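Student: Could you pick one part of this model and take me through it slowly? I'd like to see how its pieces fit together, and what lies around it.

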Amino acid sequence: MSRPEVEEVELELFVRALKLRHGYDFGEYARASLRRRVNALVQAQGHGSIGELTARLLRDDALLPVVIAGLSVPVSEMFRDPAVFRRLRDEVLPLLASYPQINIWQAGCAFGQEVYSLAILLEEAGLYDRSQIYATDFSDAAIARAQEGIFPAREARLYSENYLAAGGQHSLADYYHARYELITIDERLKRNVTFANHNLVCDGVFCEAHLILCRNVLIYFTDPLQNHVLELFRDSLVRSGFLCLGTRENIAFARAGRDFRAVDARLRIFQREQQRA
Amino acid sequence: MRAAADLVVLGCSAGGLRALHVLLSGLAANFPLPLAAVCHTGSEDVSLLCELLARSSTLPVQEASERCAPKPGQIYIAPSGYHLLLGVDGRFALSVDARVGYARPSIDVLFQSAAEACRGRLIGVVMTGANSDGAEGLQQIRRRGGVGIVQRPDDAEASAMPSAALELAGADHCLPLEQIAGLLNRLCGVVR
Ligand SMILES: C[S@@+](CC[C@H](N)C(=O)[O-])C[C@H]1O[C@@H](n2cnc3c(N)ncnc32)[C@H](O)[C@@H]1O
């Protein structure tokens, strides 16, 4: 075995400190991306090494929210991968329509881009009034932003193109108000959304969902944590409930992956198996 | 010859498609390493890109999939819209973190993660491109004892990227596109 690099050791100590001192467990986050994010924090905070950041994290509680926000990186888009939303609209929502009340869990909601995309899909399918969307994230800062539903106006063009490519029936502008450099999502789209802090690492089942959307979150997790969260999703879904992951995610290494069957393998839309594998 | 490598990582941007064709057609059919490439072509359809490249390549070309380990003699292209990383476990990982220097995938992200994962047992190649992506990554590779190869800027369709790499990282080999595949073959102890 060759000796680990100093920075690898520093990263492990940072993860330990975050857990022991603040109770946040990043132990099962894939190291390559985590290392980049922690290094970005080191730079943003004007430190020279991860070790320095760790030392401050131990004593300065005010740094914790900054660290969590920095490790969260809530990059998203409305209707990202339009084909996925088109498929949800055309194939999944018609099946969900048979339930008197539809529960949807969006895990890792970032700034809410996908929450409002879902709300629009449901609205246009005439299902929104009997739907409940639970939008969760482990970052309070992200949840607060998601609740506001305010995005830079320069994103509007991309979002509109995505919306139309996803089969949108109107104009995306019908759902927001543009003011200065910002667009604000219409209040009526928020009427059936509940925002809550939920950490996929340590929090449990909290609802019976018909559809779970969790895209591009598990890509940051090691195999064991990915498996753990897939079990959580399986246990949260009604029988034959749907799970939608990011279009490049691979669940072949997770045991719990066998509890799902692909409805559309390319778009990563799955359905819970009737029986556990 | 320098210590054997486990992986070749490659980055190209403007003019990269043609450059990749030339490079892949020159690799030996028994090339013993995996090669992972970030190519900013502006095209969303990486599977089509792989198909096109496979026509001139002696080796199979495919999109890199998350959690899969790169295999010897296979060419992997980063999916569009994701950063491609090599994890410490030697398997591919993806991220949708912010763009780095306007790019996602970013060459620097692939190079840096691979330099860390392979602890320097790798070869980095920077070819034609109109930005400076890859320079920092190549520096990391060379600092850890990996081999840096840069296309000669005056030979590149767009010289900015190889120039930036040379300036920041320097190179163990700086040569025209036509000779890069031959060099890779030799560095890996195979002849075509
Ligand atoms: C890259 S964003 C994905 C956004 C959106 N789903 C998409 O694909 O466009 C990842 C989100 O997952 C959240 N996240 C990361 N780890 C989490 C955890 N353990 N529990 C809950 N949310 C988490 C982050 O805060 C971030 O908002």
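Tutor: Let's start with a word we'll need a lot: two residues touch, or are in contact, when they have heavy atoms within 4.5 Å. By that rule, and not counting residues up to four places away in sequence, Asp133(B) touches His40(B), Ala103(B), Pro105(B), Ser106(B), Ile107(B), Asp108(B) and Met161(B). A quick word on the ground rules: this is a predicted model, where local features need pLDDT of at least 70 and side-chain atom pairs count only at pLDDT 80 or more, while totals for chains, interfaces and linings use all residues. Residues are numbered from 1 along each chain as its sequence is written, chains are lettered from A and ligands numbered from 1 in the order in which they are written, and side-chain values use heavy atoms, with hydrogens and water left out.

Why pick Asp133(B)? An unreviewed UniProt entry lists it as "active site", together with Ser13(B) and His40(B). Those positions are given in the numbering used here, feature names are shortened, and such annotations may be inferred rather than shown by experiment. The three are spread over 121 residues of sequence, yet they cluster in space, with a largest C-alpha distance of 10.2 Å. From this set, Asp133(B) is in the lining of the second largest pocket. (On a 1 Å grid over the protein atoms alone, a pocket is an open set of points with protein on both sides within 12 Å along at least five of seven lines, and lining residues have an atom within 4 Å of a point.)

Where does Asp133(B) sit along the chain? You'll find it in the loop between strand 7 (122–126) and helix 4 (135–143) of chain B. Helices (H or I, at least four residues) and strands (E, at least two) are DSSP runs, numbered from the N terminus. Asp133(B) counts as buried because its relative accessible area is 7%. Buried means under 20%, exposed over 50%, and partly exposed in between, using a 1.4 Å probe and protein chains only.

Now look at its partner, His40(B), in the loop between strand 2 (35–39) and helix 2 (46–56) of chain B. His40(B) is buried too, since its relative accessible area is 19%. The side chains of Asp133(B) and His40(B) make a polar contact at 3.4 Å. That term means a pair of N or O atoms within 3.5 Å; within protein, one must be able to donate a hydrogen and the other to accept it, and residues adjacent in sequence count only if both atoms are side-chain atoms. Leaving out residues up to four places away in sequence, the contacts of His40(B) include Ser13(B) and Asp133(B), along with Cys12(B) and Asn131(B).

Pro105(B) ties in here as well: its backbone oxygen lies 3.0 Å from a polar atom of the His40(B) side chain. Pro105(B) belongs to the loop between strand 6 and helix 3 of chain B. A cis peptide bond joins it to Arg104(B), with omega about 5 degrees.

Follow that loop into helix 3 (107–117), and you reach the border with chain A. There, 25 residues of chain B are in contact with 27 residues of chain A. The rule finds seven salt bridges across this interface, a salt bridge being a side-chain nitrogen of Lys or Arg within 4 Å of a carboxyl oxygen of Asp or Glu. One of them joins Arg91(B) and Asp223(A), whose closest N and O atoms are 2.9 Å apart. Strand 5 (83–86), strand 6 (92–95) and helix 3 of chain B are the elements that give two or more residues to this side. Helix 3 gives the most, with four residues.

For one more look across the border, try Thr247(A), in the loop between strand 8 (237–245) and strand 9 (260–264) of chain A. It is buried, because its relative accessible area is 7%. Its side chain is joined to that of Tyr82(B) by a polar contact of 3.5 Å, and makes another, of 3.4 Å, with the side chain of Arg248(A).

Past the other end of helix 3, find Arg119(B), in the loop between helix 3 and strand 7 of chain B. Its phi is positive, about 45 degrees, although it is not a glycine. Arg119(B) is partly exposed, since its relative accessible area is 31%.

Methods. 1 Å grid on protein atoms, 1.4 Å probe; cavity = no way out; pocket = protein on both sides within 12 Å on 5 of 7 lines; lining within 4 Å.
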